[in-house]
Amino acid sequence: MDTQSKIEIVGLRKQFGDLVVLKDINLSVDQGQVVALIGPSGSGKSTLLRCINLLVTPNGGQVRVGADSFAFGSGTKLPGTRELARFRAGTGMVFQHFNLFPHMTALGNVMEAPVTVRGTPKAQAREKAMALLAKVGLTDKADEYPSRLSGGQKQRVAIARALAMEPDVMLFDEATSALDPELVGEVLAVMQKLASEGMTMVIVTHEIAFAREVADRVIFMRDGVVVEEGPARQVIDAPREAATQAFLGHFH
Ligand code: ADP
Ligand code: MG
């Protein structure tokens, strides 16, 4: 395996029952690179993202993030719960539907994992959480509960919460798809800032203009395979494959 890259996926295969959802996926993401995954609904984007942090267990292939490497296939021993928890802490994930803890304030949400998973002292976790809320522009919302936040604010809390575990990589699964149009920009701005600071990111998105602007590479998937990949502007402005052209045509 290439050890220069931050994320390395080799021969990844996933099926749900008889349905093969990912077929021999290879993917390598360098330190500090931003990769956008695009493709029609049902093409396997979310499943691929979830295989990277092992929220979904692959049926075959290898997954490496940083120094943590896992092989899957018949007969291989799956990682234990503790190993999985430690591994996932290093891969921050942001979902379409925020998944904030409703009974905790914004600050409480951001402090939770460092305190309970990592045993960070509360005062220290609070200080760090406040700095992260400031980073996403929500200092004044620290004591609000999620029900009193807009979708864009909730998603920015979710990003701060993922960052609190100091992840090596950030995975975004349609982080802006559930937002009212006028709230999309504030979340994309936070994502763009993270990218410019050198965070390694894999982003599933339908925001093609954002992918073109912010991503280093774009990967177009369909039916569980990578159809085309390359530099963002090349894939988006001049796709080679008919399937990519047809997909991107919907956005013009
Ligand atoms: P995308 O994110 O590109 O829309 P997904 O990765 O969510 O695609 O889904 C790919 C395929 O896998 C779809 O056919 C979907 O119905 C199926 N799928 C996803 N998760 C599950 C699951 N937990 N059980 C069964 N089928 C699933
Ligand atoms: Mg999806």
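Me: How do you know that Gly-44 makes a polar contact with ligand 1?
Reply: In this predicted model, a backbone N or O atom of Gly-44 lies 3.0 Å from an oxygen atom of ligand 1. A polar contact is a pair of N or O atoms within 3.5 Å, so this pair counts as one.

Me: What makes Lys-45 and Ser-46 polar partners of ligand 1 as well?
Reply: Here the side chains take part. A polar side-chain atom of Lys-45 lies 2.8 Å from an oxygen atom of ligand 1, and for a polar side-chain atom of Ser-46 the value is 2.9 Å. Both pairs fall within 3.5 Å, so they meet the cut-off too. As for cover, ligand 1 taken alone exposes 560 Å², and the protein buries 58% of that.

Me: Which elements give two or more residues to the shell around ligand 1?
Reply: They are β2 (19-29) and α1 (45-52). Of the elements, α1 gives the most, with 3 residues.

Me: What makes up the shell around ligand 1 by class?
Reply: The shell has 4 nonpolar, 6 polar and 1 charged residues. Among the residues surrounding ligand 1 are Phe-16, Leu-19, Val-21 and Pro-40, and these four names belong to the nonpolar class. Lys-45 is also in the shell, and Lys counts as charged.

Now to the helices.

Me: Why are α3 and α4 called oblique to each other?
Reply: The axes of α3 (residues 106-116) and α4 (residues 122-135) cross at roughly 130 degrees and come within 9 Å. Roughly perpendicular ends at 115 and roughly antiparallel needs over 145, so α3 and α4 are oblique. α3 passes α4 in a right-handed crossing.

Me: What makes α4 oblique to α5?
Reply: The axes of α4 and α5 (residues 151-163) come within 9 Å, with a crossing of roughly 135 degrees. That angle also sits between the limits of 115 and 145, so α4 is oblique to α5. The crossing of α4 and α5 is right-handed.

Me: How do you know whether α5 and α6 are roughly parallel or roughly antiparallel?
Reply: Look at the angle: the axes of α5 and α6 (residues 181-196) cross at roughly 20 degrees and come within 8 Å. Angles under 35 degrees count as roughly parallel, and α5 and α6 are therefore roughly parallel to each other. α5 passes α6 in a right-handed crossing.

Conventions: Residues numbered from 1 in each chain as written. Chains lettered and ligands numbered in written order. Predicted model: local features only at pLDDT ≥ 70, side-chain atom pairs only at ≥ 80, totals over all residues. Heavy atoms only, no water. Near = heavy atom within 4 Å. Polar contact = N/O pair within 3.5 Å; in protein donor to acceptor, adjacent residues only side chain to side chain. Areas by Shrake-Rupley, 256 points an atom, 1.4 Å probe, with all protein chains shown as cover. Helix = DSSP H or I, 4+ residues; strand = E, 2+ residues; numbered from the N terminus. Axes fitted to C-alpha atoms, helices over the stretch in contact; angles between N-to-C directions. Parallel < 35°, antiparallel > 145°, perpendicular 65-115°, else oblique. Left-handed = near helix turned anticlockwise from the far one by under 90°.
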